[in-house]
Amino acid sequence: MKGFIAICIVASVSLLSYSTFWSHHSGFPESPDPSIVNLNHIATELIHEETNVSHVLFGIGGSAKTWSKRRHYSELWWKNGITRGFVWLDEKPAVNMTWPDMSPPYKVSEDTSRFKYTSAYGSRSAVRIARIVKESFQLGLENVRWFVMGDDDTVFFVDNLVTVLGKYDHNEMYYIGGNSESVEQDVIHSYTMAYGGGGFAISYPLVAELVRVLDGCIDRYASLYGSDQKIGGCMSEIGVPVTKELGFHQVDIRGDPYGLLSAHPVAPLVSLHHLDYVQPVFPGLTRTDSLKKLVQAYKMDPGRTLQHTFCYDPSSKWSLSVSWGYTAQLYPSLITAKDLATAFQTFFTWRSWNEGPFAFNTRLMSDNPCKRPSIYFLDRVHGIGSGQTVTTYKRFWAGTGDECGSGLPASYVNVTTVELEPNTWKKAPKRQCCEIINGASSTNTANDDVVQVRIRSCNRWESVTPP
């Protein structure tokens, strides 16, 4: 194997030397320095290796003055010695400030005063942040396949990010991310760009092309407000569209994010942004403690986090909805799959605080008590061996009454799962199935105060059809 690698490297050197000679003697202009792919990158690509976290370089837009207030977001997902990248600051931290050990390392951005800037619409900091991708590329670090941009209040779910990026050929030009949830934001800013707070990923070959034109783009698009808009403008010039992945979340909403998170699309959870502007994910906890609780579940089974599934108990005519690692909803009646898959509108639009429109369907909580669920939130999560996990959800709000004919709801919902297979998200997306295993038709009455549920792969021909 070592011999094969040596041959590959020698071949790469020979190829690069020949290319260099030809460019000097053929009359064609040399490539600008930023677009030269370094030798180590070429040699690495000759050896097939699945994308892993070491292939990702993060560039986080931050500020020296606000880092101490926002660093807890990055410290939730950053792992020293595992994740690679930097927080890019507008200036050096204060002399009396000790850089936190748990934070990503920092670098100071270059001076951007030479660039055009339209104060009426744009933002001076947007110019600096737009150039993070270029300054990251110019570091010349080895073995980078993807450059991932985000804000200092972006929480990445790194395992899932790597899973998503692993679906794509990093030798091609890819620009991957998501849009805003609020239509007004998409209309004002663009449907054709990846929103920066939710994070986006750019493959190495595309970054090599992007950095060649980026500074000119920044001046041409001086009137655009955000750094992500400027990057989007450059992508339009290069001709690469955004590849949308549903797990990148800008969180351009106000109010309670419950409805959004409890009806997550069938896609890995990759990022959450703007968490300072919505209520805590879990009621009764601070924003930071809420996120720690969600991350605790995520660590047990990353690919399943927030994955939505639902099922029925035919005898009692219950409907059950589970957003794994977060919440469960128990209805005292049969609710159609289409309604169960639709997010409750517990939030408002980002800019105007209106009740819509959003880039996805929403529904209001019914006035009929028999169509309102009892709501449960994650209480604890633990493994039980053989890759199995049990999550327990504690009742937070009882939405049912005796008039529905089902009696009072249980106090807890226990959900048993088997860890998702590593290649699950490489297949066509499909929601998993669930079953209530101690419903009214069950002989298991050991604990009537706990609804026992199992989530599993769906059987052939199985659908979620009300009985």
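# Notebook: salt bridges, strands, pockets and backbone

I began with the charged pairs, and the count came to 18 salt bridges. I note at the outset that this is a predicted model, and I read every entry below with that in mind.

**Entry 1, a pair within one helix.** I looked up Arg 71 and found its side chain meeting that of Glu 75 in a salt bridge, with 2.6 Å from N to O. Both residues belong to helix H3, which covers residues 67-77, and they sit four residues apart, about one turn of the helix. Arg 71 counts as partly exposed, because its relative accessibility is 28%.

**Entry 2, pairs between loops and a helix.** I turned next to Arg 131, which forms a salt bridge with Glu 110, where the closest N and O atoms are 3.2 Å apart. Arg 131 lies in the loop between helix H4 (124-130) and helix H5 (132-137), while Glu 110 lies in the loop between strand S3 (106-108) and H4, so the pair ties together parts that are 21 residues apart in sequence. I also asked myself whether Arg 131 is buried or exposed. At 2% relative accessibility Arg 131 counts as buried, whereas its partner Glu 110, at 38%, counts as partly exposed.

A further pair that I followed is Arg 114 with Asp 215, whose closest N and O atoms are 3.8 Å apart. This salt bridge links distant parts of the chain, since Arg 114 is in the loop between S3 and H4 and Asp 215 is in helix H8 (residues 204-220), 101 residues apart. Arg 114 is exposed, with a relative accessible area of 54%, but Asp 215 counts as buried at 18% relative accessibility. Through shared partners, salt bridges join Glu 110, Arg 114, Arg 131, Lys 134, Glu 135 and Asp 215 into one network.

**Entry 3, strand pairing.** I then looked at strand S17 (residues 374-385), which is joined to strand S13 (residues 327-331) by four bridges, the two strands running antiparallel. In this pairing, Leu 330 has Ser 374 of S17 as its bridge partner. S17 also pairs with S18 in the antiparallel sense, over nine bridges, and there Leu 378 stands opposite Tyr 393 in S18.

I stopped at the turn of this hairpin, which has two residues between the strands. Ser 386 is found in the loop between S17 and S18, and its phi is positive, about 55 degrees, although Ser 386 is not a glycine. I wrote this down because most residues other than glycine have a negative phi. Ser 386 counts as exposed, at 72% relative accessibility.

**Entry 4, a nonpolar surface patch.** Staying with strand S18 (residues 388-397), I looked up Phe 396, which lies in it. Phe 396 is exposed, with a relative accessible area of 53%. Together with Met 365 and Trp 397, Phe 396 forms a nonpolar patch on the surface, and the three have about 300 Å² of accessible area together.

**Entry 5, pockets and cavities.** Which residues lie nearest the centre of the largest pocket? I found Ile 129, Asp 151, Tyr 225, His 273 and His 274 there, out of 40 lining residues, and the space in this pocket is about 900 Å³. Strand S1 (56-61), H4, H5, strand S4 (146-151) and helix H9 (227-238) each supply at least two residues of the lining, and H4 gives the most, with five residues.

I also noted that a search of the whole structure finds two cavities of 30 Å³ or more. The second largest cavity holds about 40 Å³ of space, and its lining is made up of Leu 275, Val 278, Gln 279, Pro 280, Val 281, Arg 287 and Leu 291.

**Entry 6, further backbone entries.** I looked up Asn 143, in the loop between H5 and S4, and found a positive phi near 60 degrees, in a residue other than glycine. Asn 143 is partly exposed, with a relative accessible area of 22%. My last entry is the peptide bond between Gly 356 and Pro 357, which is cis, with omega about 5 degrees. Pro 357 has its place in the loop between strand S15 (347-349) and strand S16 (362-363).

How values were computed. Residues numbered from 1 in each chain as written. Predicted model: local features only at pLDDT ≥ 70, side-chain atom pairs only at ≥ 80, totals over all residues. Heavy atoms only, no water. Patch = residues over 30% accessible without salt bridge, like charges linked within 9 Å, V, L, I, M, F, W, Y side chains within 5 Å. Areas by Shrake-Rupley, 256 points an atom, 1.4 Å probe, with all protein chains shown as cover. Buried < 20%, exposed > 50% of the residue type's maximum accessible area, 1.4 Å probe, protein only. Pairing = 2+ DSSP bridges. 1 Å grid on protein atoms, 1.4 Å probe; cavity = no way out; pocket = protein on both sides within 12 Å on 5 of 7 lines; lining within 4 Å. Points joined across faces, edges and corners; volume = space filled by probe spheres on them.
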